[in-house]
Amino acid sequence: MRLSVAYKEMYLDQLWRITKNCYEGAELPTRVLFEKCVRGWEVFTRGLQDCGVEGVAGYALVESIGMTPLLRSIAVSPGSRRLGIGECLLHEV
């Protein structure tokens with residue numbers, strides 16, 4: 001699902017939490033920079049509502065440069081991996 005502006009704001013904390021969990025040990029952007037990217041780029045998400053889990057299980061951040069989408073980040077929560085979420089996100093992007 002492509003997030004609207006309102007949903008981007010609603011899910012900012014979850015997206016940041018997923019980022020920190022997925023890129024543990026890697027140099028992360030600041031929270032301020034991350035929020036700027038989320039607000040300025042397209043955000044695609046997948047959840048696990050069918051499995052009883054509310055919210056976001058994975059996301060893809062996409063920057064549009066002209067007619068070309070550029071995948072800037074993709075992350076799936078460690079507890080939600082191996083369920084095809086990343087693959088679904090890539091197909092949607």
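These exercises work through a predicted model, one feature at a time.

## Exercise 1. The largest pocket

Find which residues line the largest pocket, and sort the lining by class.

*Solution.*

Step 1. Start with the volume. The largest pocket holds about 150 Å³.

Step 2. List the lining. It consists of Thr 19, Tyr 23, Leu 28, Pro 29, Leu 33, Phe 34, Cys 37, Trp 41, Tyr 59, Leu 61, Arg 72 and Ser 73.

Step 3. Assign the lining to elements. Two or more residues each come from α2 (31–40), β2 (53–65) and β3 (68–76). The largest share is that of α2, with 3 residues.

Step 4. Sort by class. The lining has 9 nonpolar, 2 polar and 1 charged residues.

## Exercise 2. Two sides of helix α2

Work out which residues of α2 are buried, and where on the helix they sit.

*Solution.*

Step 1. Recall the geometry. An α-helix makes a turn every 3.6 residues, so residues three or four places apart point the same way.

Step 2. Pick out the buried residues. In α2 these are Phe 34, Glu 35, Cys 37 and Val 38.

Step 3. Check their directions. They span an arc of only 160 degrees around the axis, which places them on the same side of α2.

Step 4. Turn to the other side of α2. There, Val 32, Lys 36 and Gly 40 are exposed.

Step 5. Add Leu 33, which also lies in helix α2. Its relative accessible area is 41%, so Leu 33 is partly exposed. Leu 33 is one of the pocket-lining residues from Exercise 1. Its C-alpha atom is 14 Å from that of Lys 8, and the two residues are 25 apart along the chain.

## Exercise 3. Helix α3 and the loop before it

Repeat the analysis for α3 (85–92), then look at two residues of the loop between β3 and α3.

*Solution.*

Step 1. Name the buried residues of α3. They are Ile 85, Gly 86 and Leu 89.

Step 2. Use the arc. They cover only 100 degrees around the axis, so they lie on the same side of α3.

Step 3. Look across the helix. On the other side of α3, Glu 87 and His 91 are exposed.

Step 4. Move to the loop between β3 and α3, where Arg 82 is found. Its relative accessible area is 85%, so Arg 82 is exposed. Now check the backbone. Arg 82 is not a glycine, yet its phi is positive, at about 65 degrees.

Step 5. Take Gly 84, also in the loop between β3 and α3. With a relative accessible area of 29%, Gly 84 is partly exposed. Gly 84 and Met 1 are 83 residues apart along the chain, and their C-alpha atoms are separated by 15 Å.

## Exercise 4. Looking for disulfides

Explain why Cys 22 cannot form a bond with the closest cysteine sulfur.

*Solution.*

Step 1. Know what to look for. A disulfide covalently joins the sulfur atoms of two cysteines.

Step 2. Apply the cut-off. The two sulfur atoms must lie within 2.5 Å.

Step 3. Test Cys 22. The closest cysteine sulfur belongs to Cys 88 and is 16 Å away, which is too far for a bond.

Step 4. Test Cys 37. Its nearest cysteine sulfur, that of Cys 22, is 16 Å away, and Cys 37 is in no disulfide.

Step 5. Give the total. The whole structure has 0 disulfides.

Step 6. Check burial. Cys 22 has a relative accessible area of 19%, so Cys 22 is buried. Cys 37 is buried too, at 14%.

## Exercise 5. Surroundings of Thr 45 and Tyr 23

Are Thr 45 and Tyr 23 buried or partly exposed, and which residues do they touch?

*Solution.*

Step 1. Locate Thr 45. It lies in strand β1 (residues 42–48). Its relative accessible area is 5%, so Thr 45 is buried.

Step 2. List the contacts beyond four places in sequence. Thr 45 meets Met 1, Leu 3, Leu 15, Val 56, Gly 58, Tyr 59, Leu 89 and Glu 92. Leu 89 appeared in Exercise 3 as a buried residue of α3.

Step 3. Locate Tyr 23. It sits in the loop between α1 (5–22) and α2. At 29% relative accessibility, Tyr 23 is partly exposed.

Step 4. List its contacts, again leaving out residues up to four places away. Tyr 23 touches Leu 28, Ser 73, Ile 74 and Ala 75. Tyr 23, Leu 28 and Ser 73 are among the residues that line the largest pocket.

Step 5. Finish with a distance. Tyr 23 and Tyr 7 are 16 residues apart in sequence, with 23 Å between their C-alpha atoms.

Notes: Residues are numbered from 1 along each chain as its sequence is written. This is a predicted model: local features need pLDDT of at least 70, side-chain atom pairs count only at pLDDT 80 or more; totals for chains, interfaces and linings use all residues. Side-chain values use heavy atoms; hydrogens and water are left out. On a 1 Å grid over the protein atoms alone, a cavity is a set of points where a 1.4 Å probe fits but cannot get out, and a pocket is an open set with protein on both sides within 12 Å along at least five of seven lines; lining residues have an atom within 4 Å of a point. Grid points are joined across faces, edges and corners, and a volume is the space filled by probe spheres set on the points. Helices (H or I, at least four residues) and strands (E, at least two) are DSSP runs, numbered from the N terminus. Ala, Val, Leu, Ile, Met, Phe, Trp, Tyr, Cys and Pro count as nonpolar, Asp, Glu, Lys and Arg as charged, and the others, Gly among them, as polar. Buried means under 20% relative accessible area, exposed over 50%, partly exposed in between (1.4 Å probe, protein chains only). The arc is that of the directions from the helix axis to the C-beta atoms. Contact means heavy atoms within 4.5 Å.
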